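Hi,

Here is the structure we talked about. Have a look first, then read on for what turned up.

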Amino acid sequence: MSSPTKAAIWRTRMTQWMIKPIKWLKSQPEDRILMILGFVVGLGSGLAAVILKQLVELIGHLLTGWFSSTYHSLLLLVYPGIGMLLAMLFVRYVIKDDIGHGVTKVLAAVSRNNSKIKAHNTFSSIIASSVTIGFGGSVGAEAPIVYTGAAIGSNIAQSLKLSYRDMTILLGCGASGAVAGIFKAPMAGILFTLEILLFNISMKSILPLLFSTVTATAVSYLFLGTDVAFASVVDDFSMGNIPYYILLGIFCGFVSLYFIRMTMHLEDRIKAIQNPFRRWWISALMLGVLIFIFPPLYGEGYTSLMDVLQGNPDNILNVSIFGPILSKYAWTVPIFFAFVMIFKVFSMSFTNAGGGVGGTFGPTLIIGGIAGFILARSVNLMGLSLPEANFALVGMAGLMSGVMQAPMTAIFLIAEITGGYALLMPLIIVSAISFATIRIFEPYSIYSKRLAKKGDLLTHDSDRAVLTLLQTNELIERDFVPVGTDDTLGSLVKVVAHSKRNLYPVVDKNNMLQGVISLDDIREIMFSTELYDKTYVFNLMKEPQTVVTDTDRMEAVMEKFDRSGAWNLPVVDTVGRYQGFVSKSKIFSSYRQRLQDVSCD
């Protein structure tokens with residue numbers, strides 16, 4: 001018998017080494033387990049954020065660091081399309097999964113997949129988004145890193161076989177750690193998770209989030225330094241400017257409405273093109289044209305945003321082909337920036353729909369900063385003197401509050417990443433008014449709108465949230481014995497004798513539901529043996545009061561129960577084939593269990 005190889009011995013020792021800490025961890029109280037894992041998840045999501053930022057910078061430097069002439073800069077028109085193609089090929093042929101719209105995917109995982117995220121998402125979004133953004137795709141890195149962080153938390157929880165509630169908390173730890181790590185903003189990371197991702201959480205469950213965000217921020221500080229992400233030239237807050245901040249809040253609300261609806265419209269139109277390669281080259285061509293006309297649309301756009309925040313918007317004009325013209329006329333400056341603001345939505349949509357992987361988080365900050373600058377510069381051209389950098393900074397919060405419908409996250413994120421706590425009052429004013437404005441027209445954020453249309457959106461209303469978590473196909477009871485339309489009463493009586501139910505679905509030869517027979521329907525004749533061979537099931541069956549489809553959302557199912565007054569309803573698939581029954585008692589029982597699962601005592 002051969003002796004074990006060194007590799008086998010090493011694997012055995014590694015396994016034994018891992019088993020001991022896992023056993024120790026599982027022996028701890030639940031609260032302590034979550035705090036320890038919150039630290040581990042924060043470490044992982046912080047490192048992921050650092051890796052993504054460094055990869056984006058490295059790829060960008062390799063592609064553009066050697067430029068020495070205008071001829072070379074023309075490559076900026078081609079690079080984004082190449083990045084989109086590489087990302088599309090990686091996703092389509094290597095990952096073979098849809099990894100776009102990361103925050104929306106995290107929300108969907110919480111509501112429809114028991115907070116389970118596939119293992120490849122711990123690295124696939126980093127690879128695809130770094131290529132997309134590094135090559136100049138006009139999207140942000142924040143949504144992909146949120147997806148990555150959430151996947152790290154989810155997969156650690158899955159490996160330890162934790163409950164849905166604990167898995168959801170660790171998923172939130174990963175997401176909050178990712179935001180904290182990429183922005184060096186721990187408070188914003190927690191608020192992002194509370195406002196956007198988790199619908200029901202207690203003070204006890206916040207502790208793991210705190211551990212995760214602080215750890216991720218510390219990792220980011222260690223590798224990226226302690227400077228704020230967007231250093232800005234901030235003037236003192238003036239009470240006399242409050243009316244203009246109110247106006248900015250309203251303006252940001254309407255720009256947010258444009259952002260959400262135009263993004264949805266453009267992506268739907270582009271994705272309607274069935275051939276992915278045709279979709280890619282059309283999107284790449286359109287993106288290249290937009291970047292040629294408006295160079296600030298290249299890449300994330302944070303360099304342009306920094307110019308605005310530091311009071312140097314002319315730097316942006318100098319790289320435009322319209323620079324010589326724009327410098328001659330004062331009003332052409334805000335007009336140029338207005339076009340950049342409008343077309344940033346187009347460039348972002350072309351990048352995402354054309355095969356690239358990126359988020360809307362970064363573009364939201366860019367457009368918000370530009371919106372604030374446009375308003376301040378326009379007012380200044382009328383003879384006043386507003387601090388343009390202040391308004392750009394506050395505009396970032398206003399648009400984030402409107403697009404993401406997360407005002408608290410917007411306020412503290414902008415304060416943390418810019419060091420602009422001196423503008424806390426205008427940040428609150430603009431964020432609140434922007435949020436109030438868009439809520440008049442749009443009840444859902446850009447992350448939740450598509451999920452809401454499908455009925456998959458969790459809300460902070462616990463009753464509706466639990467109903468959303470329940471899935472019809474998981475509640476189907478299949479122990480109802482079907483009978484055929486041509487069966488006789490005698491055959492039906494034999495079925496009754498061996499059935500524990502008092503309802504009998506009637507199906508044809510193709511298992512298509514034709515009707516229902518209840519025990520009460522045959523009680524008076526079931527012992528009349530002379531009718532056994534003369535009476536047929538199709539003479540006895542009744543049309544069901546209503547039918548449930550196995551894809552129906554639970555709210556729709558409950559509405560059908562309310563309308564019909566029934567206690568059991570038959571379930572069919574989308575073509576009408578019989579599947580079983582769903583009962584109120586099973587729903588109520590599952591509801592109570594699910595409520596216990598998500599309850600954060």
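At what angle do helix H12 and helix H16 pack, and how far apart are their axes? This is a predicted model, where local features need pLDDT of at least 70, side-chain atom pairs count only at pLDDT 80 or more, and totals for chains, interfaces and linings use all residues. Residues are numbered from 1 along each chain as its sequence is written, and side-chain values use heavy atoms, leaving out hydrogens and water.

Now the helices (DSSP runs of H or I, at least four residues, numbered from the N terminus). H12 (residues 276-293) and H16 (residues 332-353) pack at about 150°, with axes 8 Å apart. Axes here are lines fitted to C-alpha atoms over the stretch in contact, and angles run from 0 to 180 degrees between N-to-C directions. That makes the pair roughly antiparallel (angles over 145 degrees).

Which residues of H12 meet H16? They are Arg279, Ser283, Met286, Leu287 and Leu290, and their partners in H16 include Phe343, Phe346 and Phe350 (contact means heavy atoms within 4.5 Å). Seven residues of this contact are nonpolar, three polar and one charged (nonpolar: Ala, Val, Leu, Ile, Met, Phe, Trp, Tyr, Cys and Pro; charged: Asp, Glu, Lys and Arg; polar: the others, Gly among them).

On to empty space. A cavity is a set of points on a 1 Å grid over the protein atoms alone where a 1.4 Å probe fits but cannot get out, and lining residues have an atom within 4 Å of a point. A volume is the space filled by probe spheres set on the points, which are joined across faces, edges and corners. There are four cavities of 30 Å³ or more, and the largest has a volume of about 120 Å³. Of its 13 lining residues, those closest to the centre include His101, Thr104 and Tyr447. H11 gives the most to that lining, with three residues.

Cheers

Note on methods
Helices (H or I, at least four residues) and strands (E, at least two) are DSSP runs, numbered from the N terminus. Angles under 35 degrees count as roughly parallel, over 145 as roughly antiparallel, 65 to 115 as roughly perpendicular and the rest as oblique. On a 1 Å grid over the protein atoms alone, a cavity is a set of points where a 1.4 Å probe fits but cannot get out, and a pocket is an open set with protein on both sides within 12 Å along at least five of seven lines; lining residues have an atom within 4 Å of a point.
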